[in-house]
Amino acid sequence: MDTIETIRYARPAFGAQAEPLAHRGFAGRLVVVLRSIARQIDRMLERRRGRLALMEMTDDQLKDIGISRCDAHREGIKAFWE
């Protein structure tokens with residue numbers, strides 16, 4: 001009796017691309033684009049949180065990392081997308 005063997009591939013890790021974007025369907029390409037946008041927004045918000053934390057530091061803490069109050073304020077007032 002002849003049998004047909006089935007090859008099963010392990011699913012790629014979350015966020016990893018298993019195949020080129022051109023070979024995906026519309027839904028697959030949309031998911032890739034949406035993940036990319038979500039990662040970019042996450043990076044921008046993380047940058048903003050860091051800037052806000054910089055503005056909340058005391059003068060002694062800023063001195064420890066080598067930043068003046070003026071530099072911290074200048075960095076802190078930047079928009080999150082900059």
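Here is a short conversation about how the labels on this predicted model are earned.

Me: What makes up the secondary structure of the chain?
Reply: The chain has three helices and zero strands. Read from the N terminus, the order of elements is α-α-α.

Me: How do you know whether Arg 51 is buried or exposed?
Reply: Look at the relative accessibility, which is 6% for Arg 51. Buried means under 20%, so with a value of 6% Arg 51 is called buried. This residue sits in helix H1, which covers residues 26-56. Across the chain, buried residues account for 11% of the 82 residues.

Me: Which residues is Arg 51 in contact with, leaving aside its neighbours within four places in sequence?
Reply: They are Glu 75, Gly 76, Lys 78, Ala 79, Phe 80 and Glu 82. To count as a contact, heavy atoms must lie within 4.5 Å.

Me: What makes Glu 75 and Lys 78 a salt bridge?
Reply: The closest N and O atoms of Glu 75 and Lys 78 are 3.2 Å apart. The cut-off is a nitrogen of Lys or Arg within 4 Å of a carboxyl oxygen of Asp or Glu, so this pair, at 3.2 Å, earns the name. Salt bridges that share partners also join Arg 51, Glu 75 and Lys 78 into one network. As background, side chains of opposite charge can pair when their charged atoms come close.

Me: Why are Glu 75 and Lys 78 called partly exposed?
Reply: Glu 75 has 26% relative accessibility, and Lys 78 has a relative accessible area of 30%. Partly exposed is the range between under 20%, which is buried, and over 50%, which is exposed. Both residues are therefore labelled partly exposed.

Me: How many salt bridges are there by this rule?
Reply: The count is five. One of them joins the side chains of Arg 49 and Glu 46, with N to O at 2.7 Å. Another links the side chains of Asp 59 and Arg 69, with N to O at 3.0 Å. Asp 59 belongs to helix H2 and Arg 69 to helix H3, so this pair ties together parts that are ten residues apart in sequence.

Me: Why are Arg 49 and Glu 46 separated by about one helical turn?
Reply: Because Arg 49 and Glu 46 are three residues apart in helix H1, the separation comes to about one helical turn. Arg 49 is partly exposed at 45% relative accessibility, and Glu 46 is partly exposed at 48%.

Me: What makes Arg 35 part of a positive surface patch?
Reply: The patch is formed by Arg 35, Arg 39, Arg 43 and Arg 47. Patch residues need over 30% relative accessible area and no salt bridge, and like charges are joined within 9 Å. Arg 35 has a relative accessible area of 31%, so Arg 35 passes the area cut-off of over 30%. Arg 35 lies in helix H1.

Me: Which residues make the nonpolar surface patch?
Reply: Phe 26, Leu 30, Val 33, Leu 34, Ile 37, Ile 41, Leu 45, Phe 80 and Trp 81 make a patch of about 890 Å². Take Ile 37 in helix H1: at 45% relative accessibility, Ile 37 counts as partly exposed. That value is over the 30% needed for a patch, so Ile 37 meets the area cut-off. For the chain in full, the exposed area is about 7,300 Å², with carbon and sulfur atoms supplying 59% of it.

Me: How do you know where Ile 67 lies, and is Ile 67 buried or partly exposed?
Reply: Ile 67 is in the loop between helix H2 (59-65) and helix H3 (69-76). With 27% relative accessibility, Ile 67 falls between the limits of 20% and 50%, so partly exposed is the right label. Beyond its neighbours within four places in sequence, Ile 67 is in contact with Leu 54, Leu 62 and Ala 72. The C-alpha atoms of Ile 67 and Leu 54 are separated by 9.5 Å, and these residues are 13 apart along the chain.

Me: What makes Thr 58 partly exposed?
Reply: Thr 58 has a relative accessible area of 42%. Exposed would require over 50%, so Thr 58 remains partly exposed. Thr 58 is found in the loop between H1 and H2.

Conventions:
Residues are numbered from 1 along each chain as its sequence is written. This is a predicted model: local features need pLDDT of at least 70, side-chain atom pairs count only at pLDDT 80 or more; totals for chains, interfaces and linings use all residues. Side-chain values use heavy atoms; hydrogens and water are left out. Helices (H or I, at least four residues) and strands (E, at least two) are DSSP runs, numbered from the N terminus. Buried means under 20% relative accessible area, exposed over 50%, partly exposed in between (1.4 Å probe, protein chains only). Accessible areas come from the Shrake-Rupley method with a 1.4 Å probe; for residues, only the protein chains shown count as cover. Patches are made of residues with over 30% relative accessible area and no salt bridge: like charges are joined within 9 Å, nonpolar side chains (Val, Leu, Ile, Met, Phe, Trp, Tyr) within 5 Å. Lys and Arg count as positive and Asp and Glu as negative; His and the chain ends are not counted. The place of a charge is taken as NZ of Lys, CZ of Arg, CG of Asp or CD of Glu.
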